Amino acid sequence: MVNLSELTALCEKLGCKIKTECPLREYTTFRIGGPCRALVSINSAVSAAELLRYLKANGIRYGIVGRGSNIIVSDDGFDGVILLIGSDFAGITVEGDTLKCQAGALLASACVHAQQQGLTGMENLFGIPGTVGGALYMNAGAYGSEMKDVVVSAQYIGEDCNIRTISAEDMALSYRHSAFSERECIITSVTMKLAEGDPAAIKAAMTECMQKRSSKQPLEYPSAGSTFKRPEGSYASLLIDQCGLKGLSRGGAQVSEKHSGFVINTGDATCSDVLGLCEDIKKIVFDKTGFRLELEPVILR
Ligand SMILES: Cc1cc2nc3c(=O)[nH]c(=O)nc-3n(C[C@H](O)[C@H](O)[C@H](O)COP(=O)(O)OP(=O)(O)OC[C@H]3O[C@@H](n4cnc5c(N)ncnc54)[C@H](O)[C@@H]3O)c2cc1C
């Protein structure tokens, strides 16, 4: 049970904004899901550590949300506190060939900063709609690049609520996976090492990357991006296409006609529409091809 007046007082002391009974649909790119008891905007690593200590000491459920671009929130919402790692914690600094981002910085802003400083290595990540913290948690990637290629270290709040540093080698980064998904911790900053490059060429590569995205992906609809992970030996979109599932729908959830790897919200989708449709897709694909599809977004319930 969340003691809202106590939590509000703690947030005031830490200078963190708090919203109560907050509709989480407004904090995800899928635009679905119910409310959480409270949503607290983290403004520093120290605040994150202190809030985590308080939540754990009081047995309060909590979840972490960045840009909410890889999260599906249940229709009933989340009966606990959401720690939002977003624009209140989004500083970016550059020193030589090293980019240090607070976890709430948008990955796109980090890419733009790198480009402006003539640093190459992040071009293909431009256009992935999320925070740097979320990108590290998911080891986000596109067009042959992933966070793993550029990250050297990160700061995080560990299970013991202390601020710690971890090197890239210890993050177990692999396809859409990091060690953070097995631990209850909060990534607070990410350090990336890039290489010197030509700002104009970097900008051209970023523009090309964005054009590929908007020509192939249904960016005009809310979604969580690719709905399924790439199964070994094939591609989810290819299998879904081969099974003739483009346009298949349940309520307001639909397999995009433009890119069959995306389930989109056509306007009034619920979480149960989306998850129901995903189960239909998984079953049909398995029955027809033998491939087992696995959801990529994280379900918050
Ligand atoms: C249109 C579209 C296109 C996309 N294209 C791609 C793509 O090309 N490649 C790709 O990899 N992904 C893609 N995605 C998915 C998504 O953008 C990425 O996974 C992104 O990195 C998620 O970042 P986020 O800040 O939105 O994380 P969220 O969705 O907010 O969170 C995702 C997970 O990370 C955890 N998390 C977030 N921040 C932190 C933190 N600071 N500390 C600890 N845990 C944290 C959350 O608890 C949750 O479990 C796409 C999504 C959309 C909507």
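**Strand pairing, helix packing and ligand shell in the predicted model**

In the predicted model, Cys36 has Phe78 of strand β5 as its bridge partner. This pair belongs to the contact between strand β2, residues 35–41, and strand β5, residues 78–84, which run parallel and are joined over 5 bridges. Both strands are part of an open sheet of 4 strands, whose order is β1-β2-β5-β3 and whose pairing is mixed. The edge positions are taken by β1 (17–23) and β3; each has a single partner strand, so one side of each is left without a neighbour in the sheet. Direction ignored, neighbouring strands of this sheet are turned by 25° against each other on average. Helix α1, residues 4–14, packs on the sheet and touches β1, β2 and β5. The direction of α1 makes about 140° with that of β1.

The domain assignment divides the chain into domain 1 (4–87), domain 2 (90–214) and domain 3 (218–300). Taken over C-alpha atoms, the centres of domain 2 and domain 3 are separated by 27 Å.

Two hairpins are described next. In one of them, strand β6 (residues 92–95) pairs with strand β7 (residues 98–102) in the antiparallel sense, over 4 bridges. Within this pairing, Val94 stands opposite Leu99 of β7. The hairpin of β6 and β7 has 2 residues between the strands, and Gly96 in the turn has a positive phi of about 60°. In the other hairpin, strand β11 (residues 151–157) and strand β12 (residues 163–167) are antiparallel and are paired over 5 bridges. Ser153 has Ser167 in β12 as its bridge partner. Between β11 and β12 there are 5 residues, and Cys161 in this hairpin takes a positive phi near 70°.

A helix pair was also examined. The axes of helix α3 (residues 107–116) and helix α5 (residues 199–216) come within 8 Å and cross at roughly 155°. Since angles over 145 degrees count as roughly antiparallel, α3 and α5 are therefore roughly antiparallel to each other. On the α3 side the contact involves Cys111, Gln115 and Gln116, which meet Pro199, Ile202, Lys203 and Met206 in α5. Sorted by class, the residues of this contact are 4 nonpolar, 2 polar and 1 charged.

A second open sheet also has 4 strands, in the order β15-β18-β17-β16, with antiparallel pairing. Here β15 and β16 (249–250) stand at the edges, and each has a single partner strand, so one side of each is left without a neighbour in the sheet. The partner of β16 in the pairing described here is strand β17, residues 253–255, to which it is joined by 2 bridges in antiparallel fashion. Arg250 has Ala253 in β17 as its bridge partner.

The ligand is surrounded by 32 residues, of which Gly66, Gly130, Gly133, Gly134 and Gly225 come nearest. Elements that contribute two or more residues to this shell are β3 (62–65), α4 (132–138), β9 (141–142), β13 (186–193) and β15 (223–226). Helix α4 gives the most, with 5 residues. By class, the shell comprises 18 nonpolar, 13 polar and 1 charged residues. Two of the contributing elements, β3 and β15, also appear in the sheets described above: β3 stands at an edge of the sheet β1-β2-β5-β3, and β15 stands at an edge of the sheet β15-β18-β17-β16.

Methods:
Residues numbered from 1 in each chain as written. Predicted model: local features only at pLDDT ≥ 70, side-chain atom pairs only at ≥ 80, totals over all residues. Axes fitted to C-alpha atoms, helices over the stretch in contact; angles between N-to-C directions. Parallel < 35°, antiparallel > 145°, perpendicular 65-115°, else oblique. Contact = placed C-beta atoms within 7 Å. Nonpolar A, V, L, I, M, F, W, Y, C, P; charged D, E, K, R; others polar. Near = placed C-beta within 6 Å. Pairing = 2+ DSSP bridges. Domains from an automatic or database assignment.
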